[in-house]
Amino acid sequence: MHVLNLGILAHVDAGKTSLTERLLHSAGVIEEVGRVDDGNTTTDTLALERRRGITIKSAVVSFPLDGVTVNLIDTPGHPDFIAEVERVLGVLDGAVLVVSAVEGVQAQTRVLMRTLRRLSLPTLLFVNKIDRRGAREADVLREISARLTPAIVPMATTEDLGTPGARCVPGLSPMAPDVLTALDDDLLAAYVEGTVTRSRLREALTAATRQARVHPVLFGSAATGAGVDALLAGVRDLLPPADGDPDGPVSATVFKVERGGTGEKIAYARMFSGTLRVRDRVPFGPDGGPGRAQGRVTGISVFDRGTGARADAVPAGRIARLWGLADVRIGDVIGEPRTAGERFFAPPTLETVVVPGPGTDPGALHLALTRLAEQDPLIGLRHDEARREISVSLYGEVQKEVLQATLAEEHGLDVAFRATTPLCVERPAGPGAAVEFNRKDGNPFLATVGLRVDPAPAGSGVAFRLEVELGSMPYAFFKAVEDTVRETLEQGLRGWRVTDCTVTLTHCGYSPRQSHAHQGFDKSMSSTGADFRGLTPLVLVEALRRAGTVVHQPVHRFRVEAPADTLGALLPVLAGLEAVPDTTRTHGALCVLEGSVPAARVHALEQRLPGPTRGEGELESAFGHYAPVAHGPVPERPRTDHNPLNRKEYLLNVARRTGG
């Protein structure tokens, strides 16, 4: 049986979850169509999702379609959960992007379409809500062509648009030959000669859709069911089925992790190759490198007709839930790594401190937050032992509200949050070097470490290099230095993560193993890994001091559409929020501004935009880059380590030898 892993995506409130319900009903999986407003939809299983009427976590449900098993994945629509969407896209064979016939192309619609095109994921466009007052057809098609992609082929027209009786009339648009012949020279030649048949056009459309070069557009209503059969036919005929060799080496990707009723981890994984069986022992981890964890699969569940069904094995192409992999995390590769390129996930750019409420146990709060972070690897935790504080990184204010409600409802923990602050990084301002020698100048560690820090191009991360012979000391000591370098760079001179640099080991030395006759190993005279782990932070922060670091704040790219006559009122608002327009264009009665704005100001811009634009302004933003802090005091972040910036304090906390 063929399998198709299908994603449903949309701007919030475009009708994505309602469409999922209608598809399941049409396929006979559910007897009644659930409604978001009633909180009884199939895929919104969290109480918070049902109450707020938004999708927060991706959900998988399966239905049969003329010999094809469709695994349908309902994804979040709110921009604060874009990371959840992006990680799901990597396991899909195709997608349906839902556009409202009333609101048209919205900010998040554009973000999603850019991501789909970047990943070359075959996508159908479904214009929903044709039964609503204010629904449009021609105008929405023009918006799609202008703001999403010009490579569209409408597959139907509408009748009685904007009424409860609105319906779709199937039929390939007259624009189809123009779009398809532009992509196929043979088809163009046949078209010029007048020999193109309808079946030939359909074949060309299918091929171009599966290559993600063309996007068919269908119309309908999730509320009434109009056009849904045509959408199902498009899913069946135009999107590619899952591929993969069931007899090949096991290769799967984990895209979701949840906890079962007894607290055990359950991993949602897409099989790309091979067949995974119960009791198989498999390696898993973030990549294909050494040191990955090993685990035995103790249970498998596949999706079948809206429910999970236990299975002894899961072959390539399918999605399954797996039990037994205790240390698994989202993004882990099971078995052999794939050769596909890396997926890009925009980093969280905000941070807040979680404040326990009255009667909330800090230990229970830490455990709950750790478990929530397991379900979202892009949400990082930072534990400050000295201040007994936990910070959490975020994408937006809605995510903070969801986190607060989740802790209250699922864990019984009352929390509040401090004001959200930007999550900055530090970059070296120039080169800097430092060295400390074994048993010299007050070095209490039996180790010699010399390090040089050099700036590297933006986005390159951290690289570790050697200028010493690899055989000049035991490999374990080199590993201790490198691991400690990476750990220490998590907190720079101002407390922020240091990135985009190369750290080179310039000097090394150690005291060989000492022992005495009839006695054991003399630890006081012999170097251990602890010596290198203890000395490296002191040397590295001194090198950073000499190099200097520049604090960079996260900056978003923004795009604002507003009535042209409001531009005069809008520009001062942007200036007051440190938003800098790069381009300003006018299209008839609309003006479009594109530029950059500090991430810390995005939420304020969202709140203030309706005023000067009479409620008609539309904002789209996404992480762009990091830029030096240009205004106000340079932000600092409290340290959570033993503070190697203060040598005396550090040695009191860390050093186990005071002589040297």
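Me: In this predicted model, what makes Tyr475, Ala476 and Glu487 of helix H12 count as exposed?

Reply: A residue is called exposed when its relative accessible area is over 50%, and Tyr475, Ala476 and Glu487, which lie on the other side of H12 from its buried residues, are in that class.

Me: Which residues of H12 are called buried, and how do you know that they share a side?

Reply: Buried stands for under 20% relative accessible area, and in H12 this holds for Phe477, Phe478, Ala480, Val481, Thr484, Val485 and Thr488. These residues cover an arc of only 160 degrees around the axis, which puts them on the same side of H12. In general, an α-helix has 3.6 residues a turn, so residues three or four places apart point the same way.

Me: What covers the buried residues of H12?

Reply: The cover includes strands E27, E28 and E30, together with helix H13 (529-547). Helix H12, residues 475-488, lies across E27, E28 and E30, and runs at about 155 degrees to E28.

Me: Why are E26 and E28 said to stand at the edges of their sheet?

Reply: The sheet is open and has four strands in the order E26-E27-E30-E28, with mixed pairing. Strand E26 (432-436) and strand E28 (462-466) each have a single partner strand, so one side of each is left without a neighbour in the sheet.

Me: What makes E26 and E27 count as paired?

Reply: Pairing requires at least two bridges between two strands; E26 and E27 are joined by five bridges and run antiparallel, and therefore they count as a pair. Within E26 and E27, Ala434 stands opposite Leu451.

Terms used
Residues are numbered from 1 along each chain as its sequence is written. This is a predicted model: local features need pLDDT of at least 70, side-chain atom pairs count only at pLDDT 80 or more; totals for chains, interfaces and linings use all residues. Side-chain values use heavy atoms; hydrogens and water are left out. Helices (H or I, at least four residues) and strands (E, at least two) are DSSP runs, numbered from the N terminus. Contact means heavy atoms within 4.5 Å. Axes are lines fitted to C-alpha atoms, for helices over the stretch in contact, and angles run from 0 to 180 degrees between N-to-C directions. Buried means under 20% relative accessible area, exposed over 50%, partly exposed in between (1.4 Å probe, protein chains only). The arc is that of the directions from the helix axis to the C-beta atoms.
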